[in-house]
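Here are a few friendly notes to read alongside the structure. Please keep the 3D view open and go through the points in order.

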Amino acid sequence: YHPVHKELYYPINYGYIADVIAADGEGQDVYILGVDVPLETFRGKVIAAIRRLDDNEDKLVAAPEGMTFTAEEIREATWFVEQYFDSTVRMAP
């Protein structure tokens with residue numbers, strides 16, 4: 001559940017990178033795929049960015065080292081929020 005808006009359920013882990021400031025002045029938001037239990041902290045690899053064309057803040061997508069997801073899998077996993085935005089998934093090189 002969202003830490004502030006307790007009525008919002010997130011089917012995947014979602015958090016922020018405290019040392020990286022996003023366009024909204026807060027920690028950079030990141031979706032975490034491939035871990036199905038709630039997390040307090042996470043170390044992994046950024047595998048993609050979700051570029052929001054109608055918002056000022058992009059989202060990163062991370063996964064455990066060695067785990068991969070396609071752009072379509074990322075789109076499906078993040079649809080619960082990203083359905084409200086015009087966005088594209090850009091895979092990390």
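1. Let's begin with the largest nonpolar core of this predicted model. The core holds 13 residues, and those touching the most other members are Y31, I47, A48, I50, V61, I74 and F80. Three elements each supply at least two residues of this core: the strands β3 (45-52) and β4 (59-63), and the helix α1 (71-82). Colouring those three elements is a good way to find your bearings.

2. I50 is a good residue to click on next, as one of the core members with the most contacts to other members. Setting aside residues up to four places away in sequence, I50 touches Y31, D58, K59, V61, I74, T78, E82, S87, T88 and V89. Of these, Y31, V61 and I74 were named above among the well-connected core members.

3. One of the partners of I50 is S87, so please look there too, in strand β5 (residues 87-91). Is S87 buried or exposed? With a relative accessible area of 9%, S87 is buried, because the limit for that label is under 20%. Beyond its neighbours up to four places away in sequence, S87 touches I50, R51, R52, L53, R75 and E82. Both I50 and S87 therefore have E82 on their contact lists, taking contact as heavy atoms within 4.5 Å.

4. Now for the aromatic residues. There are four aromatic pairs in the model. In one of them, Y10 and Y14 have ring centres 5.1 Å apart and planes at 55°, so this pair is tilted. The two residues carry different labels for accessibility: Y10 counts as buried at 16%, while Y14 counts as partly exposed at 29%.

5. Y10 also pairs with F80: here the ring centres are 5.1 Å apart and the planes stand at 70°, so the arrangement is edge-to-face. This pair links distant parts of the chain, with Y10 in the segment before β1 and F80 in helix α1, 70 residues apart. Y10 and F80 are both buried. Which residues make up the aromatic cluster that includes this pair? Y10, Y14, Y31 and F80 form it together.

6. F80 deserves a point of its own. At 17% relative accessibility, F80 counts as buried, and its place is in helix α1. Leaving out residues up to four places away in sequence, F80 touches Y9, Y10, P11, I12 and Y31. For I12, the C-alpha atom is 9.5 Å from that of F80, although the two residues are 68 apart in sequence. F80 also belongs to the nonpolar core described at the start, as does Y31.

7. Next, please turn to the largest pocket, which has a volume of about 1100 Å³. The elements giving two or more residues to its lining are β1 (13-21), β2 (27-32) and β3. Which element gives the largest share? That is β1, with five residues. The lining has 36 residues in total, and N13, Y14, G15, Y16 and I32 lie nearest the pocket centre. By type, the lining divides into 21 nonpolar, eight polar and seven charged residues.

8. I32, one of the residues nearest the pocket centre, sits in strand β2. I32 is buried, with a relative accessible area of 9%. Apart from its neighbours within four places in sequence, I32 is in contact with I12, N13, L39, F42 and A62. In contrast to those contacts, consider D54: I32 and D54 are 22 residues apart in sequence, and their C-alpha atoms are 22 Å apart in space.

9. Finally, follow the contact from I32 to F42, which is found in the loop between β2 and β3. Where does F42 fall on the accessibility scale? At 27% relative accessibility, F42 counts as partly exposed. Not counting neighbours within four places in sequence, F42 is in contact with I32, V35, A62, A63 and P64. A62 thus appears on the contact lists of both I32 and F42, with contact meaning heavy atoms within 4.5 Å. The C-alpha atoms of F42 and I17 are separated by 9.7 Å, with their positions 25 residues apart along the chain.

Definitions and conventions. Residues are numbered from 1 along each chain as its sequence is written. This is a predicted model: local features need pLDDT of at least 70, side-chain atom pairs count only at pLDDT 80 or more; totals for chains, interfaces and linings use all residues. Side-chain values use heavy atoms; hydrogens and water are left out. A nonpolar core is a set of buried Ala, Val, Leu, Ile, Met, Phe, Trp, Tyr and Cys residues joined through side-chain atoms within 4.5 Å. Buried means under 20% relative accessible area, exposed over 50%, partly exposed in between (1.4 Å probe, protein chains only). Helices (H or I, at least four residues) and strands (E, at least two) are DSSP runs, numbered from the N terminus. On a 1 Å grid over the protein atoms alone, a cavity is a set of points where a 1.4 Å probe fits but cannot get out, and a pocket is an open set with protein on both sides within 12 Å along at least five of seven lines; lining residues have an atom within 4 Å of a point. Grid points are joined across faces, edges and corners, and a volume is the space filled by probe spheres set on the points. Ala, Val, Leu, Ile, Met, Phe, Trp, Tyr, Cys and Pro count as nonpolar, Asp, Glu, Lys and Arg as charged, and the others, Gly among them, as polar. Rings of Phe, Tyr and Trp (its six-membered ring) pair if their centres lie within 6.5 Å; planes under 30 degrees apart count as stacked, over 60 as edge-to-face and the rest as tilted.
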